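Visitor: I am new to this structure and would like a close look at a single part of it. Could you take me slowly through how that part is put together?

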Amino acid sequence: MDSKRGWLKQSFGKRLNAIHSWNAWILLLLTVTGIVLSIGAIRGDLGSFRVTIKQLHIYLGVASILLIALYAPMIRKHWHQIRARRNQRANLVFVLALLIGWAGSGVILWQFRNLPPALNNSALFVHDLLTWVGVPYAVYHAISRSRWLKRQQRLDQAAATARPPAEQAVQTPAAASAIAAAPNQAPGATEDATARRTAAQAVIAALKESPITRASFLRIAAGLLLVIAIGPAFYRWIKGAFDTGGSTTAEYIATDGNRMLPPPAPLPDSAAVVGGGAQGNFRIYTVTEIPAFSSDTWKFAISGLVDNPSAWNWEEFLKLKRTVQVSDFHCVTGWSVYKCTWEGIPLKQLLAAAGVQAKGKYVKFYSGDKVYTDALSLSQANGDDIMVAVLMDGKPIPQKLGGPVRLIVPQMYAYKSVKWLQGIELIEKEHLGYWEVRGYDNDAWVDRSKA
């Protein structure tokens with residue numbers, strides 16, 4: 001209660017400055033943590049610390065919302081104070097829109113388990129877009145409002161004040177001497193000479209007047225540098241965000257590092273892409289360097305608590321009976337790719353052929369990167385739509401998307417869909433996968449009602 005009274009006893013200006021300062025620091029920390037979370041290449045290096053950073057990002061977002069609530073009763077008075085300052089009003093509207101947009105989309109992403117994937121996907125787009133726009137604007141605002149730049153502006157204003165107005169008639173000693181030396185000149189001639197001198201001085205003064213102050217030049221330069229530095233990356237992001245046809249998959253196929261011969265021949269439904277083609281774009285995440293594979297050395301095995309352990313080379317693996325299914329792909333970070341046409345071996349078909357023993361309660365999956373693992377209970381693994389996939393939309397799964405072979409668990413978040421799958425083991429006790437031991441939920445159902 002005392003702290004509340006102390007806050008209210010402060011002057012309006014001090015409270016406004018305090019909120020502005022707190023918001024600046026929170027925005028800085030949100031930017032740093034958000035950038036760290038968005039870099040897929042360092043996910044593995046961060047390990048469990050990534051979960052801590054994510055929680056910190058959420059707490060900072062909540063603090064930002066509290067600041068908005070704290071500022072809300074002050075908006076009317078603040079708006080009245082800056083009524084004659086159009087630029088400040090525009091800045092206030094823009095900043096509030098950014099903060100409210102960030103907060104709203106952030107809350108949706110925070111509560112993703114309780115909301116439909118389509119809403120999460122839209123919220124992620126809004127959150128990213130506002131970050132691309134808001135962070136550079138905040139940097140520019142910080143530069144343009146810096147003390148050093150304000151000092152430059154004061155120097156410019158002082159110089160302008162000291163300079164005589166161009167239109168003011170200034171009678172220099174030379175002009176006075178010229179008038180005194182011609183006492184017999186007619187009044188009209190004297191006035192004409194004075195007018196000509198004043199006009200000449202106006203021209204010189206106009207030439208001396210800089211069309212742009214140093215402070216303005218520095219603001220423009222800062223803005224241009226930000227555009228040059230961030231513009232190309234923003235263009236690539238916006239191009240990918242609005243390209244919902246999954247065209248980046250073609251780029252991954254063109255640069256594929258795998259050398260798997262012969263390529264799998266698609267079934268008719270797969271070749272026809274019965275799902276219509278992936279809608280959306282995959283984001284590339286990995287906890288290791290992306291591995292490359294060759295059919296000369298590639299192996300796939302199923303072992304553990306089974307009656308018929310087996311191992312296949314590439315050509316043998318391609319002879320296994322495959323099916324085609326259409327399903328969506330949901331990432332725990334909020335994005336989704338819809339209507340993918342997958343072709344592969346149903347997992348329950350492999351398990352049935354292997355003959356699971358009575359002690360086998362869990363199915364453990366091994367990635368070919370030799371680091372990543374995950375697991376499903378036996379009842380989960382026997383789901384009708386769980387597939388060991390070898391083709392997507394009628395084409396071999398590219399290296400960057402987990403090919404040549406990956407697990408697909410459509411009704412769970414994608415960290416369960418192990419990339420570069422090469423081994424399956426039936427085990428008796430529950431296994432926590434790579435991300436689960438680092439803080440992710442072992443329950444990865446997209447629809448929580450299935451848990």
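Guide: Let us look at the sheet, keeping in mind that this is a predicted model. The sheet is an open one of 5 strands, arranged in the order S2-S1-S10-S5-S6, and the pairing within it is mixed. At the edges stand strand S2, residues 310–313, and strand S6, residues 373–377, and because each has a single partner strand, one side of each is left without a neighbour in the sheet. From one strand to the next, the twist averages 15°.

As background, the strands of a sheet pair through backbone hydrogen bonds, and they may do so in parallel or antiparallel fashion. Within this sheet, strand S1, made of residues 299–304, runs parallel to strand S10, made of residues 421–427, and the two are joined by 4 bridges. To find one place where this pairing can be followed residue by residue, look at Ile 302, whose bridge partner in S10 is Ile 424.

For setting beside the sheet, there is also a pair of helices: H4, residues 49–71, packs with H6, residues 86–110, at an angle of about 135°, and their axes are 10 Å apart. The two helices, H4 and H6, are therefore oblique to each other, and H4 passes H6 in a left-handed crossing. Among the residues that make the contact are Ile 58, Val 62 and Ser 64 of H4, together with Leu 92, Leu 96 and Trp 110 of H6. Taken by character, the residues of this contact of H4 with H6 comprise 12 nonpolar, 1 polar and no charged.

Notes: Residues are numbered from 1 along each chain as its sequence is written. This is a predicted model: local features need pLDDT of at least 70, side-chain atom pairs count only at pLDDT 80 or more; totals for chains, interfaces and linings use all residues. Side-chain values use heavy atoms; hydrogens and water are left out. Two strands pair if DSSP finds at least two bridges between them. Axes are lines fitted to C-alpha atoms, for helices over the stretch in contact, and angles run from 0 to 180 degrees between N-to-C directions. Angles under 35 degrees count as roughly parallel, over 145 as roughly antiparallel, 65 to 115 as roughly perpendicular and the rest as oblique. A crossing is left-handed if the near helix is turned anticlockwise from the far one by less than a right angle, and right-handed if clockwise. Contact means heavy atoms within 4.5 Å. Ala, Val, Leu, Ile, Met, Phe, Trp, Tyr, Cys and Pro count as nonpolar, Asp, Glu, Lys and Arg as charged, and the others, Gly among them, as polar.
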